[in-house]
Amino acid sequence: MTNRIGRRDLLKGGSAMLVGTLLQDQITDEVKAQTRSPGRNRFRISNYRLECKWISKTIDGHRVRLRSYNGQVPGPILRTRPGDTLRVHLKNSLPYYDSTGWTGDHNVPHFLNTTNLHVHGLDVIPHLFQPLGTSNPLARMIAIEPGRNHDYTFQIPADHPPGLYWYHSHHHGSTAVQATSGMAGGIIIHGNIDEVPEIKAARDIPLVMQDIALFQSETDDNLWLYEPKQNAIWQTFGGIVTIYDPTTGKNNPVKLKAGFSTGDYPLHYYLLNGEAFFKETHNPDPNKPTVPIPTQLNPVARFTLAPGEVVRFRMLNATSDNLMPIVVENHPVYLLALDGINFPTVRNIGIPVDPATPQVLLAPANRAEFLIKANATPGIYRIKQLAQSQQFLESAEKIIAEIEVKGPAKDMRLPQSLPTQTRYYPLIQPNEVKRVRTIEFSGNFPAVMNPYVGGDFSINNALYEETAVPNIVTLGDVEEWQLQVGDSHHGGGEGHPFHIHVNHFEVISISTAGQPPVMFPPGTIQDTVWVPANSVVTMRTKFKQFVGKAVYHCHILPHEDTGMMANFLIVPRHSARGAYGNMEKHE
Ligand SMILES: [Cu+2]
């Protein structure tokens with residue numbers, strides 16, 4: 001059976017290669033010219049080249065070395081349209097990373113300069129394993145080593161909702177290090193929502209937020225970067241670096257400055273569109289190791305609006321692990337979309353009565369696209385992340401940017417209705433649910449399963465296994481998943497953002513501490529959702545179009561890299577389920 005699957009995959013790969021060759025001649029010259037032109041209708045191919053490479057930069061007076069796409073942090077915005085083909089030639093020009101001492105355990109960060117590409121939130125062919133779209137449960141993850149390259153071709157469905165998506169590397173074991181070195185960028189799908197007159201009239205302003213993790217170089221005190229030695233772990237408690245010794249079972253302190261970290265760093269910056277707006281440093285107070293020392297940087301980015309002007313912000317939380325409760329001072333937020341999928345009508349999120357209440361909650365990987373109609377009163381209004389303490393580390397209030405309202409007034413209008421995104425509407429009905437599953441973010445500290453890292457980050461008490469497929473789902477089915485995080489006695493204690501590849505889901509309800517569920521507004525369609533500690537989030541999803549092997553995981557990237565991820569397989573309805581069934585892992 002495995003052979004048959006393998007052969008089918010080979011055939012699939014073969015035909016993809018053939019198409020690739022045929023297209024190659026047509027696109028090379030002509031496409032580049034028309035990709036961004038408005039009257040484009042001859043070839044519907046968006047062609048991009050992304051090169052991963054180190055760049056040198058100065059942040060807040062520190063000389064830093066970052067990993068980048070095309071030398072830019074964030075990476076360039078990729079633009080495409082429903083029905084188009086998005087092609088990305090990914091070249092890895094990062095240098096060789098020495099993983100000597102790595103045991104082969106995929107849940108220990110390793111091969112830190114090996115990469116691949118995930119187009120986050122796009123409803124396209126599963127693309128983490130090779131070849132693209134493979135249904136082979138044993139398929140390996142795409143690993144593009146330094147010096148290598150890879151061509152990705154994504155056919156964007158004709159009914160794909162237009163909006164803000166993003167890309168980042170997703171090679172298990174190097175995702176966190178690469179993303180916190182700068183490797184992330186936006187993807188904008190243009191389409192029907194852009195033709196709504198009030199939206200078309202509004203300035204379109206992407207707000208890409210990233211975090212940058214930095215350690216002093218081992219050899220140059222004046223250089224900061226994130227390139228820990230293999231197996232080196234940064235200990236938040238104690239502010240030292242250790243390496244696990246399997247012969248003694250101890251984490252021995254070593255004379256290194258850098259180690260892999262689950263979120264605390266000697267130097268940590270938050271960037272908006274590549275400019276630092278906030279700094280955190282490790283807290284040396286032994287009583288407060290989980291409260292990084294916060295410093296607001298000034299000035300922050302300032303957007304100038306006329307009174308009454310309407311602008312469109314597209315906000316991406318591309319940070320590796322920071323939950324961001326967002327407010328825009330003295331302004332209602334006219335929410336158009338979460339995670340790229342717009343609502344049928346604008347959601348008016350008024351000015352909160354309680355200043356501690358956010359207007360939008362952005363977990364790592366979430367996007368919010370919203371309109372702001374500038375206040376009639378000139379002045380400076382701040383876009384802020386409110387303080388939160390839902391995670392292992394405290395997150396202080398941050399001023400992300402400012403809106404300066406000045407000049408002659410405009411009276412721009414807000415849209416009444418928005419296009420219905422037929423790929424996700426009509427909404428799932430409760431009686432369509434075929435199966436209910438429980439996905440629990442679990443863990444142990446200190447580690448039981450992952451001593452090299454020192455803590456276990458698991459799903460349903462299992463660390464990630466590249467060739468295990470704990471869940472098999474059927475194309476066309478609707479399922480309800482209960483996403484859970486326990487309390488501190490059950491491996492919980494901090495929240496985790498759940499993300500699943502290929503299909504978005506409808507967030508139905510949340511129940512915290514056993515309280516009756518609180519319902520989300522119908523049509524809350526996301527690809528990532530924050531699951532607070534001691535809570536159950538109920539979501540429903542339909543496996544709509546694509547089959548193949550894909551993943552779901554915690555989008556706190558250090559958690560993901562160290563095991564908080566699992567595979568699932570979407571199979572055609574009439575496939576011989578039994579053949580896949582014996583690949584399922586049973587307790
Ligand atoms: Cu997590």
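Student: Okay, two strands pair if DSSP finds at least two bridges between them, so how many bridges join E1 and E2?

Tutor: Strand E1, residues 45-59, and strand E2, residues 62-69, are joined by eight bridges and run in the antiparallel sense. The model is a predicted one, in which local features need pLDDT of at least 70 and side-chain atom pairs count only at pLDDT 80 or more, while totals for chains, interfaces and linings use all residues. Residues are numbered from 1 along each chain as its sequence is written.

Student: Which residue in E2 does Trp54 bridge to?

Tutor: The bridge partner of Trp54 is Arg67. The hairpin formed by E1 and E2 has two residues between the strands, and Asp60 takes a positive phi near 55° there.

Student: What about the open sheet, what's its strand order?

Tutor: Its four strands come in the order E3-E8-E7-E5, and the pairing is mixed. Strand E3 (75-80) and strand E5 (118-120) are the edge strands, each pairing on one side only. Between them in that order stand E8 and E7, and these two, residues 184-189 and 163-168, pair in the antiparallel sense over six bridges. Within this pair, Tyr165 of E7 has Ile187 of E8 as its bridge partner.

Student: And the largest nonpolar core, which residues touch the most other members?

Tutor: Those are Ile187, Met209 and Leu214, in a core of 142 residues, and Ile187 is the residue we just met as the partner of Tyr165. Such a core is a set of buried Ala, Val, Leu, Ile, Met, Phe, Trp, Tyr and Cys residues joined through C-beta atoms within 7 Å. Strand E9, residues 203-216, supplies the largest share of this core, with seven residues.

Student: Switching topic, is Thr100 buried or exposed?

Tutor: Thr100 is exposed, because it has 7 other C-beta atoms within 10 Å; the cut-off for exposed is 12 or fewer, for buried 20 or more, and partly exposed lies in between, with C-beta atoms placed from the backbone. Thr100 sits in the loop between strand E4 (85-92) and E5, and its C-alpha atom is 9.2 Å from that of Lys229, although the two are 129 residues apart along the chain.

Student: How many helices and strands are there in the whole chain?

Tutor: The chain has six helices and 37 strands, where helices (H or I, at least four residues) and strands (E, at least two) are DSSP runs numbered from the N terminus. Of its 587 residues, 46% count as buried, and its C-alpha atoms fill a box of roughly 70 × 60 × 55 Å along the principal axes.

Definitions and conventions
Pairing = 2+ DSSP bridges.
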